[in-house]
Amino acid sequence: MADAYILGIESSCDETAAAVVRSGEKLVSNVVFSQIAMHQPYGGVVPELASREHLRAIVPVVRKALADAKQTYESMDAIAVTQGPGLAGALLVGITYAKALAFALEKPLIAVNHLEGHIHAVLLEERQKGNHTLNFPALALVVSGGHTHLFLAEEKDSAWSYENIGHTRDDAAGEAFDKVAKLLGLGYPGGPVIDRLSAHGDAKAVKFAFAQLKHPDRRSAKTKMDDKKSPPCRKERDEDGAPGEGEANSLRFDFSYSGIKTAVLRYVETHEMKASIEARRTALAGISKPTLDDYLANCDKQTLDLVASFQRAVVDDLVRKTLAAAAANNIATLLVTGGVAANNELRQTFEREGARAGVPVFFPSRPLSTDNAAMIAAAAYPKFLARDFAGMDFSAEAGMVLR
Ligand code: KG4
Ligand code: ZN
């Protein structure tokens with residue numbers, strides 16, 4: 001079969017991204033325009049601003065992806081776009097543009113689930129390295145600012161299907177990083193800062209206990225689990241997660257990260273850290289791009305210990321539950337992906353504990369861990385082969401479920 005060039009477009013949250021991927025196995029170009037700086041003053045993504053910025057960025061970002069790939073609109077074999085989950089207004093910008101391109105160019109249009117994209121980021125890079133064999137059963141942990149999901153992934157005749165066997169009942173893990181960083185005056189997004197600062201603190205200093213979720217060993221009666229509706233996008237302002245209705249105790253490997261955020265808040269209150277936090281917030285707000293040294297100069301030992309202990313607790317919980325799910329399902333391959341998969345301690349712990357448990361663990365490179373469009377173009381390739389094309393009438397699905 002001749003090579004197929006797919007143009008991927010991603011606009012579900014606060015990154016406008018376009019990429020060209022050849023036959024699901026070669027990243028030809030990858031352009032990500034991040035809006036983080038614009039949302040930073042608000043401490044989270046402002047949906048209306050996100051849509052406006054996507055509108056501004058989408059055309060130049062797509063043009064650059066084609067130029068970097070030394071390709072043209074006409075040389076693309078298909079246009080792939082994120083349908084959901086994400087912010088409806090943000091998704092619509094990518095979808096509308098992709099539809100217009102597909103219509104004008106008379107190319108097939110492929111709708112992709114963002115979570116499936118994160119999973120295929122790992123597969124794309126493994127193929128690119130020459131690793132074409134994926135051993136099944138495969139388990140994927142998608143852990144980002146909006147999601148903490150465990151999926152059993154299956155491939156039959158190049159069609160993929162997924163079964164959700166666990167998810168967060170409240171906050172996503174990345175959301176906890178973001179909220180704790182905000183609480184401690186460390187700015188937004190929280191994951192990368194906490195990742196770097198944790199190496200300078202004592203992770204054993206503060207003990208965090210995770211509440212035991214009830215009936216952890218019971219599996220849902222449904223075979224294809226209806227996911228909890230995903231939060232529309234990560235780190236939306238002032239949004240607090242709540243358990244999905246009627247689903248208590250129904251999943252086998254659930255997560256919960258809103259309690260640890262409250263525990264950090266309690267610690268801050270009982271240890272009277274508020275004044276020093278405000279001083280840090282003001283100091284860091286005055287620096288346009290704070291470096292690690294700037295952060296360190298504004299953090300005392302107590303804060304560094306707290307941050308390191310928080311990260312250790314979240315990482316240990318993610319790894320423990322995921323490996324328990326892997327053991328229970330005789331998993332041959334574990335894929336760990338999404339923004340939080342960029343975390344150094346998470347990678348090291350998964351590698352160490354995965355090796356101990358005899359489960360090979362694969363991650364995307366850091367640039368493909370966070371949101372990008374290469375993952376969308378890669379996930380679209382099996383659909384391209386199966387001629388699973390979208391009509392012109394499909395729309396954004398903010399709470400789209402992956403099956
Ligand atoms: O996948 P992503 O770009 O967007 C979503 O689909 O949500 O993930 C962004 C999330 C944010 O919550 C961010 O704080 C977190 O990933 N993140 C990290 C790291 N880098 C990004 N969390 C922990 N450690 C990191 N190094
Ligand atoms: Zn994502």
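These legends walk through several close-up views of a predicted model. Residues are numbered from 1 along each chain as its sequence is written, while chains are lettered from A and ligands numbered from 1 in the order in which they are written. Local features need pLDDT of at least 70 and side-chain atom pairs count only at pLDDT 80 or more, whereas totals for chains, interfaces and linings use all residues; side-chain values use heavy atoms, with hydrogens and water left out.

**View 1. The zinc ion (ligand 2) and its protein donors**. Here you can find His 114 (NE2), His 118 (NE2) and Asp 371 (OD), the protein donors lying 2.1 Å from the zinc ion (ligand 2). Donors are N, O and S atoms within 2.8 Å of the metal (3.2 Å for Na, K and Ca); water is not among the atoms, so sites may look incomplete. The spacing of the donor residues in sequence is H-x3-H-x252-D. The angles among the four donor atoms run from 95 to 142°, and the site is irregular. For four donors, tetrahedral requires all angles between 85 and 135 degrees; four count as square planar and six as octahedral if opposite donors are over 155 degrees apart and all others between 65 and 115, and anything else is irregular.

**View 2. Two histidines on helix H4**. His 114 and His 118 sit four residues apart in this helix, about one turn. Helices (H or I, at least four residues) and strands (E, at least two) are DSSP runs, numbered from the N terminus. His 114 is buried at 4% relative accessible area, and His 118 is buried at 0%. Buried means under 20% relative accessible area, exposed over 50%, and partly exposed in between (1.4 Å probe, protein chains only).

**View 3. A salt bridge between helices H13 and H4**. Lys 383 and Glu 116 join their side chains in a salt bridge, 3.0 Å from N to O. The term stands for a side-chain nitrogen of Lys or Arg within 4 Å of a carboxyl oxygen of Asp or Glu. Lys 383 belongs to helix H13 (residues 374-385) and Glu 116 to helix H4, so this pair links distant parts of the chain, 267 residues apart. Both partners, Lys 383 and Glu 116, are buried.

**View 4. A salt-bridge network around Asp 171**. Asp 171, Glu 175, Lys 179 and Lys 261 are linked in this network. Within it, the closest N and O atoms of Asp 171 and Lys 179 are 3.4 Å apart. Asp 171 counts as buried, at 0% relative accessibility. The whole structure holds 19 salt bridges.

**View 5. An aromatic cluster with Phe 136 and Trp 160**. Ring pairs connect Phe 136, Phe 151, Trp 160 and Tyr 162. Rings of Phe, Tyr and Trp (its six-membered ring) pair if their centres lie within 6.5 Å; planes under 30 degrees apart count as stacked, over 60 as edge-to-face and the rest as tilted. The structure holds eight aromatic pairs. Phe 136 and Trp 160 have ring centres 5.9 Å apart and planes at 50°, so their pair is tilted. Phe 136 lies in the loop between helix H4 (114-128) and strand E6 (138-143), and Trp 160 in strand E8 (residues 159-167), so the pair ties together parts 24 residues apart in sequence. Phe 136 is partly exposed at 33% relative accessibility, whereas Trp 160 is buried at 13%.
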